[in-house]
Amino acid sequence: MTVIRSAVSKYGRPRLFAFDNGSSYRNGQMELLAARIGSAVHYCEPFTPTSKSKIERWFLTMRMQYLASLDMRDFHSLEELRQHFAGYVSRYNQSPHSSLEGKTPQERFFSEPEQIRRLTQEQVDTCFLPEVERRVSADCVIVINKTEYEVHYRYAKQRNLPKSGYGSKPLKKSTVSES
């Protein structure tokens, strides 16, 4: 979700999310997110790379151009590798492509501004709040990722779907030890 959130913040919401059938994509949170931002979800048929040809072509380009010339001994940390890769992606997106009639991918993306549907940061923050179902204890506490959150007393002993901003401000917070 972090990568998708970053992409939506930077480039706007897509009309369609085209995913493979990985469990990280085929879940209720992803479909909820798509509904919230007004995008459709399409799951590609298993074992059919042609149904996701653009990303498969990107993987081939990355393997042939980037990975083939990469010497891992040049990097002392994962962060250095990430920065190097980000530089490659930036150069790739700013270089002319024959398939785009000499335009760069970046120029092509921004050539139809009416197609770019941006969200405000507040909309992004709201739309990307995950929802989890939890039973509220008698003392008005729910546990999410081993962290206790106090909720309003009216939810005591109920099942509810709290929006949890993982990192937003819980009313009271204490870590639950593993048992």
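Visitor: What share of the area that the protein chain exposes do carbon and sulfur atoms supply?
Guide: The model is a predicted one. In it the protein chain exposes about 13,000 Å². The part supplied by carbon and sulfur atoms is 53%.

Visitor: How many helices and how many strands are there in the protein chain?
Guide: Read along the sequence, the chain follows the pattern α-β-α-β-α-α-α-α-β-β-β-β-β. The totals are six helices and seven strands.

Visitor: In which sense do strands β1 and β2 pair?
Guide: Strand β1 covers residues 16–19 and strand β2 covers residues 40–43. F17 has V41 as its bridge partner in β2. Over four bridges, the sense of the pairing is parallel.

Visitor: Which helix does the chain pass through from β1 to β2?
Guide: The path between these strands is a β-α-β crossover, and it is right-handed. The helix on that path spans residues 28–37 and is α2.

Visitor: Which element supplies the largest share of the largest nonpolar core?
Guide: This core has 13 residues, and those touching the most other members include F17, L33 and F128. At least two residues each come from α1, β1, α2 and α6. The largest share is four residues, and the element is α2.

Visitor: Which residues is V8 in contact with, leaving aside its neighbours within four places in sequence?
Guide: V8 is one of the residues of the largest nonpolar core that touch the most other members. I37 and F128 are also in that group. With those neighbours set aside, the contacts of V8 are R13, P14, I37, L119 and F128.

Visitor: Is D125 buried, exposed or partly exposed?
Guide: D125 has its place in helix α6. Buried means under 20% relative accessible area and exposed means over 50%. The value for D125 is 32%, so this residue counts as partly exposed.

Visitor: How far apart in space are D125 and S9, C-alpha to C-alpha?
Guide: In sequence, 116 residues separate D125 and S9. In space, their C-alpha to C-alpha distance is 9.5 Å.

Visitor: Which residues of strand β5 point to one face and are buried?
Guide: In a regular strand the side chains alternate between the two faces of the sheet. Along β5, E148 and E150 point to one face and are not buried. The residues that point to the other face and are buried are T147 and Y149.

Visitor: Which residue takes a positive phi in the hairpin of β4 and β5?
Guide: Strands β4 and β5 pair in the antiparallel sense over four bridges, and I144 has T147 as its bridge partner in β5. Two residues lie between the strands of the hairpin. The residue with a positive phi, near 50°, is N145.

Visitor: Is C140 buried or exposed?
Guide: C140 lies in the loop between β3 and β4, and its phi is near 65°, a positive value in a residue other than glycine. A second, separate core of seven residues includes C140. Its relative accessibility is 11%, so C140 counts as buried.

Visitor: Is F47 buried or exposed?
Guide: F47 is found in the loop between β2 and α3. Phi of F47 is near 60°, also positive in a residue other than glycine. The relative accessibility is 82%, so F47 counts as exposed.

Visitor: How many disulfides does a search of the whole structure find?
Guide: A disulfide is a covalent bond between the sulfur atoms of two cysteines. C44 is buried, with a relative accessible area of 1%, and C127 is buried at 12%. The number of disulfides found in the whole structure is zero.

Note on methods:
Residues are numbered from 1 along each chain as its sequence is written. This is a predicted model: local features need pLDDT of at least 70, side-chain atom pairs count only at pLDDT 80 or more; totals for chains, interfaces and linings use all residues. Side-chain values use heavy atoms; hydrogens and water are left out. Buried means under 20% relative accessible area, exposed over 50%, partly exposed in between (1.4 Å probe, protein chains only). Two strands pair if DSSP finds at least two bridges between them. A crossover is right-handed if, with the strands pointing away from the viewer, the path from the first strand over the helix to the second runs clockwise. A nonpolar core is a set of buried Ala, Val, Leu, Ile, Met, Phe, Trp, Tyr and Cys residues joined through side-chain atoms within 4.5 Å. Contact means heavy atoms within 4.5 Å. Accessible areas come from the Shrake-Rupley method with a 1.4 Å probe; for residues, only the protein chains shown count as cover. A disulfide is a pair of cysteine sulfur atoms within 2.5 Å.
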